[in-house]
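Here is a walk through one protein chain, starting with a single residue and working outwards. Have the structure open as you read.

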Amino acid sequence: FGSTTVKSEPKRIVVAGLTEQDTVLQLGFKPIATTEWYGEQPYAVWPWAQGMLGDAKPTVLKQTDGPEYEKIAGLKPDLIIAVNAGLDKGMYDKLSKIAPTVAQPKGGTQYFSPWDEQAIQTAKALGKEKEGRKLVADTKAAYAKVAAAHPEFKGKTATFSQGLSYDGLLYVYQNGLSTEFLTYLGFTITPGLEKYSEGPGIQAAIPEEKLDVIDADVIVFATEEAKNLDNLKAMPTFDTLKAVQQNRAVYTEGTVAGALYFITPASLMYALDKLTPQLERAVKGESPQKVGG
């Protein structure tokens, strides 16, 4: 949408996007406001980043109908970070009248541009580009280390799916859309899912009668509670999936699901620690068929 100049180190940072609070906190800043996406975590900060809040108690904004412009203005910010906020030009212009506003990277989608680009964009706004690039590099290096220790992952197909169906549709993630936690470990994302997506940055909507297209060597379902698995099993074609039949499906618990949806440097590190043992078992066909593994 143009260029943004941040003239001095910001002191009153409003996070108007869904996930940028993680990187802001990792870089040593305490936002005065965050935005609730889902999960209703304290101050809209998930467990993997809670310890970095210290005694900060940011205002929690909603984004139900777009940014809360009046509330944001009332906070008197000196920087608005909206890298993952779904901004269009009109929204960007309104926020920019309040304070310098940093939107999604050039060429990115409204939501969920590549996680590394988001982190670096956020870091630049804070005058911490070098540190932001290190966060990204360290995260990728950690995944590469685990991949090297698990050659059995390499070349296996994998699907990442939401943890419950809606009106007969299951939403899954085509290659490049929040799937890096699998590809960095050596997995290959199941091909053909993009045919069921309406465009970049939008999940593929798979009807239950076509569910076989998600079958893979491993399927990760971002389940958040036990009843999510009941929801999946209620789909008439769910039990026909070979990954389900052969104990190669992973059902996450709620915080891991949140980490995979957030896909920030901090959440990716949390997911790596928690998910690796589950993936080890799934590749062997020994995945417990319950939420949380």
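A residue is called buried when its relative accessible area is under 20%, exposed when it is over 50%, and partly exposed in between. Keep in mind that this is a predicted model.

**Aspartate 88 and its surroundings**

With that in hand, take aspartate 88: its relative accessibility is 36%, so it counts as partly exposed. You'll find aspartate 88 in the loop between strand E4 (79-81) and helix H4 (89-96). Which residues does aspartate 88 touch once its neighbours within four places in sequence are left aside? They are Phe1 and Gln110. The link to phenylalanine 1 spans a fair bit of chain: aspartate 88 and phenylalanine 1 are 87 residues apart in sequence, yet their C-alpha atoms sit 8.3 Å apart in space.

**The whole protein**

Now zoom out. The protein has 11 helices and 11 strands. Its radius of gyration is 19 Å, close to the 19 Å that the globule rule gives for 293 residues, so the protein is as compact as a globular protein of that length. If you box up the C-alpha atoms along the principal axes, you get roughly 55 × 40 × 35 Å.

How much of the protein is buried? Buried residues make up 52% of the 293. The contacts tell you about the chain path too: of those with a separation of 6 or more, 67% are between residues 24 or more positions apart. As for the outside, the accessible surface comes to about 13200 Å², and 50% of that belongs to carbon and sulfur atoms.

On the charge side, there are 31 positive and 35 negative charges, and the mean positions of the two sets are 6 Å apart.

**Salt bridges**

Side chains of opposite charge can pair when their charged atoms come close. In this model there are six salt bridges, and the table lists three of them, including the N to O distances.

| Salt bridge | N to O distance |
|---|---|
| Lysine 11 and glutamate 9 | 3.4 Å |
| Aspartate 116 and lysine 140 | 2.9 Å |
| Lysine 227 and glutamate 225 | 3.9 Å |

The pair made by aspartate 116 and lysine 140 links distant parts of the chain: aspartate 116 belongs to helix H5 (residues 115-125) and lysine 140 to helix H6 (residues 129-149), 24 residues apart. Are these two partners buried or exposed? Aspartate 116 has 17% relative accessibility, so it counts as buried, while lysine 140, at 32%, counts as partly exposed.

The other two pairs in the table look like this. Lysine 11 is exposed at 58% relative accessibility, and its partner glutamate 9 is partly exposed at 45%. Lysine 227 is exposed at 55%, and glutamate 225 is partly exposed at 38%.

**Helix H5**

Aspartate 116 brings us to its own helix. H5 is mostly covered, with eight of its 11 residues buried. Which ones are they? Trp115, Asp116, Gln118, Ala119, Ile120, Thr122, Ala123 and Ala125 are the buried residues of H5. An α-helix has 3.6 residues a turn, so residues three or four places apart point the same way.

What do the buried residues of H5 pack against? Their partners are helix H1 (21-26), E4, strand E5 (101-102), H6, helix H7 (180-183) and helix H11 (265-283). Just after H5, you'll come to glycine 127, which takes a positive phi of about 70°.

**Two residues in helix H11**

H11 is one of those packing partners, and two of its residues are worth a look. Serine 267 is in H11 and is buried, with a relative accessible area of 0%. Not counting residues up to four places away in sequence, serine 267 touches Asp22, Trp48, Ala259 and Phe262. Measuring over to the end of H5 isn't needed for that, but for scale, serine 267 and alanine 125 are 142 residues apart in sequence and 21 Å apart in space, C-alpha to C-alpha.

Glutamine 278 is also in H11. At 7% relative accessibility, glutamine 278 counts as buried. Leaving aside neighbours within four places in sequence, glutamine 278 is in contact with Val250, Tyr251, Gly292 and Gly293.

Methods:
Residues numbered from 1 in each chain as written. Predicted model: local features only at pLDDT ≥ 70, side-chain atom pairs only at ≥ 80, totals over all residues. Heavy atoms only, no water. Salt bridge = Lys/Arg side-chain N within 4 Å of Asp/Glu carboxyl O. Buried < 20%, exposed > 50% of the residue type's maximum accessible area, 1.4 Å probe, protein only. Helix = DSSP H or I, 4+ residues; strand = E, 2+ residues; numbered from the N terminus. Rg over C-alpha atoms; globule rule 2.2 N^0.38 Å. Contact = heavy atoms within 4.5 Å. Areas by Shrake-Rupley, 256 points an atom, 1.4 Å probe, with all protein chains shown as cover. Lys, Arg positive; Asp, Glu negative; His and termini not counted. Charge placed at Lys NZ, Arg CZ, Asp CG, Glu CD.
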